[in-house]
Amino acid sequence: MPTILDAIGKTPMLPLRRIPPAGGARILLKVESANPTGSMKDRMALAMIEAAETDGRLPPGGAVVEYTGGSTGVSLALVCAVKGHPLHIVTSDAFAREKLDHMRILGARLEVLPSDGGRMTGKLTRDMIATAHAIAAEAGAFATDQMRNTDQFAAYRRMAAEIDAQAEGPVAAFVQAVGTAASLRGVGEALRASQPGIRIVAVEPAESAVLSGGPTGAHRIDGIGAGYVVPLWKPDIADAIEPVSSAESTAMALRLAREEGLFAGTSTGANVVAALRVAGRLGPGATVVTVMCDTGMKYLGTLGPAAASAAHRDAGPVAGRVAAMGAPSGP
């Protein structure tokens, strides 16, 4: 019998029309917000749960535990709700409130750890992981352990096959932000197998550019930048690493909404900033693919105030011009 899980994957891929400057490569955006929870993480959540069910690690009705910044938790909550697995999530107040509420609505039980002023840090990541493992051991639950779980690669190889079919020609570069590194590896390795000349570009927060050899730090890009080199990371998968700041990511997320009608989160903003840099270096005739990781509806609490602040800055000059022109004479 069909379920909502059958709607996972087969997402569209669209060209950016207005944001790329003239003279650069074409940029295609894989619109993962079309998945049921509005996130690419639906793919990996389903793959992890089904693999564990198949080999007996997760019995019927068995409990599941995961640590997450939000999107993985929402996706697991959806999958577990459909399949009848109780879900315990370890997360933090550093992440979007909308995602935490979404998990609860889908039936997950949450353990919310305090953050350093709402920022993501390496210590917070490690604390979440330790708490999740302690809960799993105490409850006898299955820990999906996304930072180490290789079952999710199968989901991202399927995503790579979709990209191959939808690009309708060679792809010069694939650009993706690094959280667990599973999507970069799964998609990147599969694309490299089918298109040997492709460049794979990793994206990380500039404030915590540990993959580039920089120091760990705090940032505000949900879902990426764990603050240390994650277990699934392989240096040889990436031909280049692009650090992007939290401010750049937020500004680009707002531009995508206003100029392309694509309402996405800050990790998508980081992807597009990096893709623009790559496209500029490649020049016309090439194709760059990047990912719209999730929907901006998950970030209204953070992007909303940012948009309001930008609108307030814009209002000054406009108000001045209107005043200079005089009041309108009619309705």
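Q: What makes Glu259 and Arg255 a salt bridge in this predicted model?

A: The closest N and O atoms of Glu259 and Arg255 are 2.8 Å apart. A salt bridge requires a side-chain nitrogen of Lys or Arg within 4 Å of a carboxyl oxygen of Asp or Glu, so the pair of Glu259 and Arg255 is a salt bridge. Both residues lie in helix α7 (residues 246–260), four residues apart, about one turn of the helix.

Q: Why is Glu259 called partly exposed?

A: Glu259 has 26% relative accessibility. Partly exposed covers the range between under 20% for buried and over 50% for exposed, and therefore Glu259 counts as partly exposed. Arg255, at 32% relative accessibility, counts as partly exposed by that rule as well.

Q: Which residues are joined into one network by salt bridges that share partners?

A: Lys30, Glu32, Arg43 and Glu162 form this network. By the salt-bridge rule the count comes to 20 salt bridges.

Q: What makes Arg97 exposed and Asp101 partly exposed?

A: Arg97 has 57% relative accessibility; exposed means over 50%, so Arg97 counts as exposed. Asp101 has 28% relative accessibility, and therefore counts as partly exposed. Asp101 forms a salt bridge with Arg97, with the closest N and O atoms 3.1 Å apart. The two residues are separated by about one helical turn because they are four residues apart in helix α3 (residues 97–105).

Q: How do you know that Lys99 and Asp222 form a salt bridge, and are these residues buried or exposed?

A: The closest N and O atoms of Lys99 and Asp222 are 3.3 Å apart, and the cut-off is within 4 Å; the pair therefore qualifies as a salt bridge. This pair links distant parts of the chain, with Lys99 in helix α3 and Asp222 in the loop between β8 and β9 (240–244), 123 residues apart. Both Lys99 and Asp222 are buried.

Q: Why is strand β7 (residues 173–177) said to be largely enclosed by the rest of the structure?

A: Five of the five residues of β7 are buried, so the strand is largely enclosed. Ala173, Val175 and Ala177 point one way, while Phe174 and Gln176 point the other way. In a regular strand the side chains alternate between the two faces of the sheet.

Q: How do you know that β7 pairs with β8 and with β10?

A: Pairing needs at least two bridges. Strands β7 and β8 (residues 199–205) have five bridges, in the parallel sense, and the chain crosses between them through helix α6 (residues 182–194) in a right-handed β-α-β crossover. Three bridges join β7 to strand β10 (residues 287–292), also parallel. Val175 has Val201 as its bridge partner in β8 and stands opposite Thr290 in β10.

Note on methods
Residues numbered from 1 in each chain as written. Predicted model: local features only at pLDDT ≥ 70, side-chain atom pairs only at ≥ 80, totals over all residues. Heavy atoms only, no water. Buried < 20%, exposed > 50% of the residue type's maximum accessible area, 1.4 Å probe, protein only. Right-handed = clockwise from strand over helix to strand, strands pointing away.
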